[in-house]
Amino acid sequence: MSRQNIKKQPDAKENLLQTCYRCCTMAISSLEKVLKLTKNEQFINSLKEERQGYLTMLNKFSNLLAINGYVPKDTDALKKFMNDITFKMSTLVNKGDSSLANMSITGTSFGTIDVSRARNRFLAVEPATDFAEIDELLGKISNTVDNLKIYL
């Protein structure tokens with residue numbers, strides 16, 4: 001096999017930063033979808049506040065990627081398509097706030113798993129290094145779940 005045929009794998013640091021970046025983009029996209037469906041003003045305000053928090057985090061990870069010489073990579077098209085189909089199917093019958101909050105919490109849990117896994121892999125390679133931004137994102141994710149629980 002020639003070297004040209006070998007796809008370069010991202011290092012643990014790049015993987016961690018890209019995972020955080022994608023987590024933020026997915027959260028923003030999901031929150032925007034939910035915002036289009038709810039009529040509850042309190043829920044709308046809560047969703048907008050959450051979205052703003054993820055936009056702030058997205059900016060931080062965009063900057064960290066650039067500082068480290070990486071180009072932000074969006075979620076692959078197939079995963080986006082599958083998420084869109086799942087969202088549309090789930091909201092076909094039930095567009096109530098409880099159902100929307102439940103779907104958002106479930107998606108947020110996947111974000112926690114992805115970021116935690118990438119962080120653990122990074123720390124296994126560079127144990128003395130840590131990013132405060134990762135803790136901040138994990139805290140943001142946890143707060144999102146807590147803030148959405150009241151709509152269940």
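This briefing walks through the fold, the nonpolar core, the cysteines and a few individual residues of the structure above. The model is a predicted one. The protein has five helices and zero strands, and 36% of its 152 residues count as buried. A good place to begin is the overall layout, followed by the residues that help fill the interior.

**Overall layout**

- Reading along the sequence, you will meet the pattern α-α-α-α-α.
- The C-alpha trace spans about 55 × 35 × 25 Å along the principal axes of the protein.
- If you look at contacts between residues at least 6 apart in sequence, 79% of them join residues at least 24 apart.

**The largest nonpolar core**

- The largest nonpolar core is made of 37 residues.
- Within this core, the residues with the most contacts are F43, Y54, F61, I134 and L137.
- Four elements give two or more residues each to the core: α1 (12-37), α2 (41-67), α4 (97-125) and α5 (132-149).
- Helix α1 gives the most, with 12 residues.

**Y54 and its surroundings**

- Leaving out residues up to four places away in sequence, Y54 touches C24, A27, I28, L31, T108, L137, K140, I141 and T144.
- One of these partners, K140, places its charged end over the ring of Y54, 4.9 Å from the ring centre.
- Turning to ring-to-ring pairs, the structure holds two aromatic pairs.

**I134 in helix α5**

- I134 is found in helix α5 and is buried, with a relative accessible area of 0%.
- Beyond its neighbours within four places in sequence, I134 is in contact with L16, C20, F61, V115 and R119.
- F61, like I134, is among the core residues with the most contacts, and the two touch each other.
- For a sense of distance, I134 and V71 are 63 residues apart in sequence and 18 Å apart in space, C-alpha to C-alpha.

**Cysteines**

- How many disulfides does a search of the whole structure find? The search finds zero.
- C20 is in no disulfide, and the nearest cysteine sulfur, that of C24, is 6.9 Å away.
- C20 is buried, with a relative accessible area of 0%.
- Why is C24 without a bond to C23? The two sulfurs are 5.6 Å apart, which is too far for a bond, and C23 holds the closest cysteine sulfur to that of C24.
- To put that distance in context, a disulfide here needs the two sulfur atoms within 2.5 Å.
- C24 is also buried, with a relative accessible area of 0%.
- Both cysteines have partners described above: C20 is in contact with I134, and C24 is touched by Y54.

**T25 in helix α1**

- T25 lies in helix α1.
- Is T25 buried or exposed? T25 counts as buried because its relative accessibility is 15%, and the cut-off for buried is under 20%.
- The side chain of T25 reaches the backbone oxygen of R22 at 2.9 Å.
- Not counting residues up to four places away in sequence, T25 touches L58, D74 and T75.

Conventions:
Residues are numbered from 1 along each chain as its sequence is written. This is a predicted model: local features need pLDDT of at least 70, side-chain atom pairs count only at pLDDT 80 or more; totals for chains, interfaces and linings use all residues. Side-chain values use heavy atoms; hydrogens and water are left out. A nonpolar core is a set of buried Ala, Val, Leu, Ile, Met, Phe, Trp, Tyr and Cys residues joined through side-chain atoms within 4.5 Å. Buried means under 20% relative accessible area, exposed over 50%, partly exposed in between (1.4 Å probe, protein chains only). Contact means heavy atoms within 4.5 Å. Rings of Phe, Tyr and Trp (its six-membered ring) pair if their centres lie within 6.5 Å; planes under 30 degrees apart count as stacked, over 60 as edge-to-face and the rest as tilted. A charge sits over a ring if NZ of Lys or CZ of Arg is within 6 Å of the ring centre and within 35 degrees of the ring normal. A polar contact is a pair of N or O atoms within 3.5 Å; within protein, one must be able to donate a hydrogen and the other to accept it, and residues adjacent in sequence count only if both atoms are side-chain atoms.
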